[in-house]
Amino acid sequence: MKKFIPVGVLLLILFMGGCYSCNTQQSLVKKDEAVKSAWANVQTQYQRRADLIDNLVATVKGAANFEKETLTAVIEARASASKITMNANDLTPEKLQQFQASQGQLSQALGRLMVVSEQYPELKANQNFLALQDEIAGTENRIAFSRTSFNDAVQAYNITVRTFPNNLLAGMFGFQTKGMFEAEAGAQKAPKVQF
Amino acid sequence: MTTLAADSDFPNPPNPPRLVNDFSSILSDAEMQLLEDSVEAIEKRTSNQITIVIIKSTGPYDIADYATQLGNQWGVGVKGRENGILLLVAIEDRKMTIATGRGLEGALTDAMCGRIIRNEIKPAFKQGLYLDGLLQAVSALDLATRGEYKGIDRKHAEKPRGFSIGLILFILLIIFILSKGNNNRGGGITPFLGGMLMGGGFGGGSNNDSDNGGFGGFGGGSFGGGGASGSW
């Protein structure tokens, strides 16, 4: 009889461990899916911006001798940003950084174009241009929002992957930590919100 | 870009719930009530929750980002329909934004919101006519959700206060005279006129329609970042 006690304890431990790893695996899958859907939304918004930029370029081209340099910079940044495609199954920190850098370059070029366009009264009176400007600004805000949601999802996922003993199991099941968007450098210590 | 949100950066949802929230007191009580009545009337008719929030400054936040987060925190709109609209004004920043709930992004495109800001709000705000700008915006937003706002003829946008107090008093006087003078002819015309008053006065904002019910509260709607901003 005494012989069976250690075996029973062992079985119990194995059983509990199995339950635990099953739970961990399930929760990882769930969180992984949440990250993927958040990523899909990020991509949709960036794609929407790219499409709007095409329209914007076409409209601006029509304006009498618009600064070529600025326009070319946007077209080129748009082209190189669209080259970096990312798979939802492969959101490594390095890849995400690349993606963010190329989109950031496009943002900068686009920002310059918006500033330069202020000097063209013809554009400022163009309803189509104004509409595109609004759509792009709205899309930038959607991008910012979708990035925050994505980061939240990744954070929840990464915490599960990294904490002991999940980290042992996560490696076994093939779950790796994922990359997050970094806050763009800018006003950190700025004035306070006032109601 | 998105600033990390601290809870203290956002005002608590109003209790009791209101659609018009002027934290920086640029509107008088009567003006607030007028606005409240007009947005509540729209809410009753369409269930769209047009919420107006006036603060001093969004500080480090981009105003569009701030409005999106505030709309989500308060849950403006009805869950499932996601039909909230948040019109945020930052007085000291001289900026305004319209944030659209996810369900309204189709009818109220960013471009449409931009047009409403440029054509309805900005010209009035430039003259310091805050109430006028907001009323015109509310009316334009309502029309736009029905696909009827064109944003070309500014004067076309009807003002909810078009039904003046004077007119209502005049109708009341007629009812009074008729009911005094024609007792023997029965209630033929009086209920008819009374009904007209009730029906026509709905948009007036000065009768008691808003008392039976009022605004029931936000419904957990969500915002995805759509809308447009401007400055004056």
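Here is a short tutorial chat on how to read the sheet, the cores and the chain contact in this predicted model.

Student: Let's start with chain B. Which pattern does it follow along the sequence?

Tutor: Chain B reads β-α-β-α-β-β-α-α-α-α-β. That comes to six helices and five strands.

Student: And in which order do the five strands sit in the sheet?

Tutor: The general idea comes before the case. Strands of a sheet pair through backbone hydrogen bonds, either parallel or antiparallel. In chain B, the five strands make an open sheet ordered β1-β2-β3-β4-β5, with mixed pairing. At the edges you find β1 (20-22) and β5 (223-231) of chain B, each paired on one side only. On average, neighbouring strands in this sheet are turned by 15° against each other, direction ignored.

Student: Mixed pairing, fine. Which strand pairs with β3(B) in the parallel sense?

Tutor: That's strand β2 (residues 49-55) of chain B, which pairs with β3(B) over seven bridges. To fix the register, take Ile54(B): its bridge partner in β3(B) is Val89(B). Between the two strands, the chain passes through helix α2 (residues 63-74) of chain B, and this β-α-β crossover is right-handed.

Student: How many bridges does β3(B) make with β4(B)?

Tutor: Six, and here the sense is antiparallel. Try Ile85(B) as a landmark: it stands opposite Thr100(B) in β4(B). The hairpin of β3(B) and β4(B) has four residues between the strands, and Arg94(B) there takes a positive phi near 55°.

Student: What about the other neighbour of that strand: how many bridges join β4(B) to β5(B)?

Tutor: Strand β4 (residues 95-101) of chain B is joined to β5(B) by seven bridges, and the two run antiparallel. Look at Lys95(B), which stands opposite Ser231(B) in β5(B).

Student: Back to β3(B). Why is it described as largely enclosed by the rest of the structure?

Tutor: Seven of the seven residues of strand β3 (residues 84-90) of chain B are buried, so the strand is largely enclosed by the rest of the structure.

Student: How do I read that face by face?

Tutor: In a regular strand the side chains alternate between the two faces of the sheet. For β3(B), one side carries Gly84(B), Leu86(B), Leu88(B) and Ala90(B), and the other carries Ile85(B), Leu87(B) and Val89(B); all are buried, leaving both faces covered. For the whole chain, 42% of the 232 residues of chain B count as buried.

Student: Which residues touch the most other members of the largest nonpolar core?

Tutor: Ile52(B), Leu86(B), Leu88(B), Ile116(B) and Leu141(B) do, in a core of 66 residues. Another core lies apart from it, with 20 residues that include Leu96(A), Ala144(A), Val154(A) and Leu169(A).

Student: Now chain A. Where does Gln97(A) sit, and why does it count as partly exposed?

Tutor: Gln97(A) belongs to helix α3 (residues 93-117) of chain A. Burial needs 20 or more C-beta neighbours within 10 Å, and exposed means 12 or fewer. Gln97(A) has 14 inside 10 Å, so it counts as partly exposed. Its C-alpha atom is 7.7 Å from that of Gly179(A), 82 residues away along the chain.

Student: Last one: how many residues of chain A are in contact with chain B?

Tutor: There are 22 from chain A, in contact with 26 residues of chain B. Sort the chain A side by class and you get 11 nonpolar, five polar and six charged residues.

Note on methods:
Residues are numbered from 1 along each chain as its sequence is written. Chains are lettered from A and ligands numbered from 1 in the order in which they are written. This is a predicted model: local features need pLDDT of at least 70, side-chain atom pairs count only at pLDDT 80 or more; totals for chains, interfaces and linings use all residues. A nonpolar core is a set of buried Ala, Val, Leu, Ile, Met, Phe, Trp, Tyr and Cys residues joined through C-beta atoms within 7 Å. Two residues are in contact if their C-beta atoms, placed from the backbone, lie within 7 Å. Ala, Val, Leu, Ile, Met, Phe, Trp, Tyr, Cys and Pro count as nonpolar, Asp, Glu, Lys and Arg as charged, and the others, Gly among them, as polar. Two strands pair if DSSP finds at least two bridges between them. Axes are lines fitted to C-alpha atoms, for helices over the stretch in contact, and angles run from 0 to 180 degrees between N-to-C directions. A crossover is right-handed if, with the strands pointing away from the viewer, the path from the first strand over the helix to the second runs clockwise.
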